[in-house]
Amino acid sequence: KVLVVHGGISENVTVDSIEKINRTNFVSVLSLQLEDDSNQIRDLLWSDPYSDTGCALNNLRGGGALFGADVTKHLLESHDFDLLVRSHQSKKEGFEYTHNGKVLTVFSASNYYGINSNLGAYVKLSGGRRPHCVQFQAKRSGKGLTMSQQVSSVEECALRELREKLVGSKEKLIEEYKKRDDGLTGLISIEDWVAVNLAVTGLSVPWRLLRGHLVQMRFAKVDYLSGFALSNGCGTRLNK
């Protein structure tokens, strides 16, 4: 028996909790609010396995959890599953087993970061047999897809709504940004930018991953005023 999710799990995820999610309430992960269902969805979409035990905040993605082998073992044994299959991470060989062979990451986009950067793979499941991963590499590959090309039109409009909410809280945001900008350079760390946005807007979205659409970066820091100067039209891409 195999459980398949997009990103991963957390200590709060169970089969019962997944079944209770009202899927018709959600159109975009960027529009999720702080509710039980939305927390479950974030964990399922954004979580990644890691080598430690328990769960930790997935600060790299700005959403979801990092989950250990003990969390995987507990969920699988609780529901009599043999394997957790997930994607969400590029792997050099197209797939990878972790957590003592109980988590299989399968990534089907070959050449994700550029030509020959990685193989793609898909998995064949047949009753009673060990999953069989098939590797491949696209023969024709152009320039890697931009973030905007990967995000659907629905997500682009959600980004527009997010920009509008930031503009609506502009005065308070700038006030809080400046408190973390000791030299008034107009630059703050990514961590400070994420913390201010979350505190002021109350929106628990993957800020870190979305920064390229919302602000410009300078010297590995966030130019926090740039987000208010840039266009907020649907489909606009702010950064490469």
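Mentor: Contact means heavy atoms within 4.5 Å. Helices (H or I, at least four residues) and strands (E, at least two) are DSSP runs, numbered from the N terminus. The model is a predicted one, in which local features need pLDDT of at least 70, side-chain atom pairs count only at pLDDT 80 or more, and totals for chains, interfaces and linings use all residues. Residues are numbered from 1 along each chain as its sequence is written, and side-chain values use heavy atoms, with hydrogens and water left out.

Trainee: Which residues of helix α3 are buried?

Mentor: Buried means under 20% relative accessible area, exposed over 50%, and partly exposed in between (1.4 Å probe, protein chains only). In α3 (residues 69-78), the buried residues are Val-71, Thr-72, Leu-75 and Leu-76.

Trainee: Why do they lie on the same side of α3?

Mentor: An α-helix has 3.6 residues a turn, so residues three or four places apart point the same way. Here the buried residues cover an arc of only 125° around the axis, which puts them on the same side of α3; the arc is that of the directions from the helix axis to the C-beta atoms.

Trainee: What does the face turned away from the buried side carry?

Mentor: That face of α3 carries the exposed residues His-74 and Glu-77.

Trainee: Which elements do the buried residues of α3 pack against?

Mentor: They pack against the strands β1 (2-4), β3 (55-57), β4 (65-67), β5 (83-86) and β7 (103-106).

Trainee: What follows α3?

Mentor: Asp-80 follows α3, and its phi is positive, near 60°.
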